[in-house]
Amino acid sequence: FAVHGNSAPSFTNNMTVVTLPEDMPEGTVAFWITATDPDNDSLTYDMSGRYSYFFVVNKDTGAVTLNTPLDYEVQREIQIVVLDINDNHPVFQDTPYSTSINETLPVGSQVYTVRAEDPDTGFGGVVNYTILEVSEAGSKKLFSIQSNGTIFLGGPLSYNNKSMFYQLKLQSCDQDKNNPLCSQTVFLTITVIDLPDLDPQFLQEPYTASIGEDAPMGTSVLTLKTMDGDKGINDLVKFSISNSTRPWFDINEQTGVITVSHSLDRELLLDEDEEVHLEVTATEIHLNIYGQEAKASTWVTIRVTDVNDHSPKFYNCILPDCDFSDDKVVTTFSGYVAEHASTRVPVSNLSIVAYDPDKGLNGTFLLSLAGPDRMAFVVSPEKVVNTGEVQVLVWQSNLVDFEKKQTMEVEVIASDSVSYMGSTATVTIHVEDINDHAPEFNKTQYTLYVYEHCPNGTVVTKDIQATDPDTDFRGHITYHLLSGNSADIFQVDPNTGEVTVKDGNQLDRELQSVYHLTLQATDGGNLTGSTILQIILLDINDNAPVVSGSYNVFVKEVEDNVTVNIQAYDNDEPNTNNSEIRFELLPGPYSNNFTLDPVTGLLKNQGPLDREAIDPLLLGKIVLTVLVYDLGEPSLNTTVNVTINVEDINDNKPVFGRATYEFHVKERLMGAYLGFVEAWDADQTDVNNRVTFSLTGDGASNFQIRSTFLGSGKNRGNMSLVSDVSLDYERPPSNFTLTVLAQNAAESNEIGSATVLVITEDVNDEAPSILASSLKDIRVFEHQGYEDELVAQVEAQDPDTNASLEIRLQEIGCFKSGTNVGLVCQDWFQLVPNGSVYINDSLAIDYEICDLVSLLLQAWDLHTAEGFPANSPNGEGSAQATISDSFSQATDKDDGVNAVLSFSIDGIEFINNDNSRVPLDGLFRIKDSHEGNIYTGIIEVVTSLDSSRQGTYQLRIRAQDNPSKDPPLSANTSLNIFTVDQRYRLRLQFSSEAAEVGKNVDSIRMYDLGSLRAKGLSYMDAYFVFSNGTALTLSDLNIGTLGPAALRILGSNCSLSLQIETLCPTFLPPHLHQLLVTQLLSLLFPSYKRKLRAVKAAKEAKKARAGLNLQGPVIPGTNLFNSEK
């Protein structure tokens, strides 16, 4: 193998001293590093040293440029050392490498030494060696290499068993830790030298051969071959037979050919599996390295094959105990067989064995029969291989007859199937006599007669006998009846053959009219003959007629007819009086309705059948009894019941118990029960008399009727309102005239009907209402009226019949210029229960104090039923009393018609608590009023508000002037009206009377709560509401925790216009800034002259925003025009 070396580069001779000026600019090439390489490899350049930082080296060209300015005064001389770098690969020397070693070289011996060189200095020039791979798989550990390149043997060698050639792939690398370099790989070829240390080896073992037993001497049998175990030497060998089971063969010592040296006989080897075994030894000519003979032995098996050289012979013996010697051959045999023996019955007392010592097909032979009686027998088997037992079998039993021939003879011939050599044996067969005649009757069948139920012992026959030609005991005959179902009825005399009745009670012609018996005759040899006895029974009249089946007839009343044929039979002899039948209908409750033909048994009805005419307890069943009798002597009879099931049809219509039913029901009772109707149907079955009720007529959908079957055609219909329906006396129709229909559940056109009157009774369930037409605006001039002057007449209405109405004052509001001024006007007017509004104190009416009085009215029905509203909705009736003065002053910057303003509501929306919006219309209205150039828009509720709504009403308000020429100008604002639920209403209890509380509101003090409960004379209903409409409950105010202390009515500034003593506890929210307290004082005078009086409402909280000031009459229970629910 050729390996190319790598030489180190060297610097040129001029690389000694370089002179540079100190003012050399930076980046100027100062000098060049030059070097040469004998291999012309590309070079890289570098420098190091204390002052190397002054320069930068181009690694590819060797150009050195100035990196830092030079200063002669600081450093006059700079020494630069050019360092050696590891740039040379190790190179193997004196290649290629090859060597030869003996296969017996001891383990650990030196095999070869290689050498590699690296010109680099330091660790870059230190070389180590590695065996990268070995050509033979699994042999890498067989060799190892030391650091000096010496290769040692690490395991034993074998030229024949391992390998005769090895190739080692080697590599050397230097020890540079930063940049180690490796050489190119080289190969060491090692040849293993073979030595004579192994024995020869036989090829193609095992050795077997076959040769015929008739092979002549000198015939070649087979050739043995060997090879030297030392494949690299291949020494010659000589062959010899060292052992043999028969001295019939020899071997050539040079060629190894085995030949026949003696005559062969396979039959002598039968106990040796027909084989001869030879041990052959092969010995090398030269001694091995140990000075001994190198030899090997093997066994050779020679099978001697058969030749057909024997004929089959017969022997008188029983296998396997047979001696097949030539002196034991037999040619005559004798045996016995009974006459008429069955086919393939062997001849007894024969022990014939046929034998041919040849093998396989040569020992196969055929057997056949010859001789005078060969047609009567057959030989078995017909083919034998080597050895077989021979039998002579009966083939035609009729030819084997003692009476014709007592001795028979056949010849058994054995013939070789290949060579046709054979032998013959004579067999003499002695025929034995048997009882071969059976008794015989003259006829095969005899017909006999006897009466049924005859006495026991009655002779049936005594003239029937059998004959047998056999003599002696073989001809003696005995009789008996074969067992069967008649064996216990008849019997036979075993000696005479007389047949008699054994049990006459079992002889019944109607059950069995003919008996067939087998009479058997047996001789002394147990041979039998038989005949059939046909015994016919003669009839007597012993059976009554029998009716076939049962009779259960179904017919529909009126529509169907009965046609029934009674089927009967008589088991006595046909066509005689004993079996002739007649029919008769026996008397019964309904037998006159039917006819019966006495001969044919045909049953018919005489007229239509009516189910309702039959006793109901019979459920429509008519049972008739028919007598069936024969004409024998004496006559016998039987009876049968015929059941006629008359099926009900729907031929009756339901009938109501009354023509008219009247039910009364109170209004407002949802699903109320009214009563029941009853109808009866004459049909007798449930399916036809079960009735279904239904309602027709105007308003029938409001009612329901449920059918109930009471049984026996009675039905009830329970009538009620539909579960979610109630009647309303005030909303017609309140009375109903309905038709109730009764119809069978089964299909029928028959329908019964009755009239049902439903009368609705009035219940005082309607709330009264105030007539809107009576709510007229009231205008009263201050100080000008007189006491008890009628200023208004409020009217109420109620649709209930027994209503007792009165008008009550719910609340009163006092306003000045749209601002609530408390209860200053509460005594100005008086309302009486009939709705009349009178001036109560004309002198107290003062325009400067109050210019508008709002009377919130409510209508009450004193007779309202429990559970229904007794009063009209809150806020439904409101009467406005305007207090007039000569003028109310206001200013306006415009003059004339330009100062005239009007108000309008542009839109109304209801904002639910979930912020969804619903547009509304017609709930509120705005009225214009003005005094001078001050205009006021009053918001009024037009109709009752929906108490189920929870949220805020938002009104868009527009004020617009009306100039004569110029376009109108307008301003817009929004008004939020919050709804407040009644559950936020709180009741405050006072010990003073209502008038006293109203007049001395500034000095009201709260007493101990317990004492208030004991002697309370007046109450105040209050709502505590935030400016955003959120109200406080009792628990929110923590009123329940108040002890004997002053009433705490709280505002953000701890003061109210009522001047009620207040406290500011720290636990209440600091942002509570406005409360509106609506006071409702209920006077508890025994006379109840004033059951309800309006009291003063709390003034607006002092720091409330101006935009929240009320611009019109308030709605009770609110602070921002909120509607109380």
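Trainee: Over how many bridges do strand β69 (residues 901–912) and strand β73 (residues 951–961) pair in the antiparallel sense?

Mentor: The model is a predicted one, in which local features require pLDDT of at least 70, side-chain atom pairs count only at pLDDT 80 or more, and totals for chains, interfaces and linings use all residues. Residues are numbered from 1 along each chain as its sequence is written, while side-chain values rest on heavy atoms, with hydrogens and water left out. Strands here are DSSP runs of E with at least two residues, numbered from the N terminus, and two of them pair if DSSP finds at least two bridges between them. For β69 and β73, which pair in the antiparallel sense, the number of bridges is eleven.

Trainee: Which residue of β73 stands opposite Ile905, and which residue of β74 stands opposite Arg958?

Mentor: Strand β73 also pairs with strand β74 (residues 970–978), again in the antiparallel sense, over nine bridges. Opposite Ile905 in β73 stands Ile957, and opposite Arg958 in β74 stands Asn972.

Trainee: Which strands stand at the edges of the open sheet that holds β51 and β55?

Mentor: The open sheet has four strands in the order β51-β53-β56-β55, with antiparallel pairing. A strand with a single partner has one side left without a neighbour in the sheet, and this applies to β51 (655–656) and β55 (703–711). The edge strands are therefore β51 and β55.

Trainee: Over how many bridges does β51 pair with β53, and over how many does β53 pair with β56?

Mentor: Strand β53 covers residues 673–680, and strand β56 covers residues 714–721. In the pairing of β51 with β53, Phe656 stands opposite Ala679. Both pairings are antiparallel, and for β51 with β53 the number of bridges is two, whereas for β53 with β56 it is seven.

Trainee: What is the N to O distance in the salt bridge of Arg716 and Glu678?

Mentor: In the sheet, Glu678 of β53 stands opposite Arg716 of β56, and their side chains also meet in a salt bridge, a term for a side-chain nitrogen of Lys or Arg within 4 Å of a carboxyl oxygen of Asp or Glu. The pair links distant parts of the chain, the two residues being 38 residues apart. Arg716 counts as partly exposed because its relative accessibility is 26%, on a scale where buried means under 20%, exposed over 50% and partly exposed in between, with a 1.4 Å probe and protein chains only; Glu678 is likewise partly exposed, at 30%. The distance from N to O is 2.7 Å.

Trainee: How many residues apart along the chain are Lys666 and Glu761?

Mentor: Lys666 forms a salt bridge with Glu761, the closest N and O atoms being 3.5 Å apart. Lys666 lies in strand β52 (residues 660–666) and Glu761 in strand β58 (residues 751–761), so that the pair links distant parts of the chain, with a separation of 95 residues.

Trainee: Is Arg509 buried or exposed?

Mentor: Arg509 forms a salt bridge with Glu510, the closest N and O atoms being 3.5 Å apart. Glu510 is buried, and Arg509 too is buried.

Trainee: How many salt bridges are there by this rule?

Mentor: Some salt bridges are linked in a network, whose members are Arg668, Asp728, Arg731, Asp765 and Glu766. By this rule the count of salt bridges is 22.

Trainee: Where is Ser817 found?

Mentor: Phi of Ser817 is near 55 degrees, a positive value in a residue other than glycine. With a relative accessible area of 56%, Ser817 is exposed. Ser817 has its place in the loop between β63 (805–816) and β64 (819–820).

Trainee: What is omega near for the cis peptide bond from Glu633 to Pro634?

Mentor: Pro634 lies in the loop between β49 (621–630) and β50 (637–647). The peptide bond from Glu633 to Pro634 is cis, and its omega is near -5 degrees.

Trainee: What separation is there between the C-alpha atoms of His89 and Asp174?

Mentor: His89 is placed in the loop between β5 (63–66) and β6 (91–93), and at 34% relative accessibility it counts as partly exposed. His89 and Asp174 are 85 residues apart along the chain, and their C-alpha atoms are separated by 7.6 Å.
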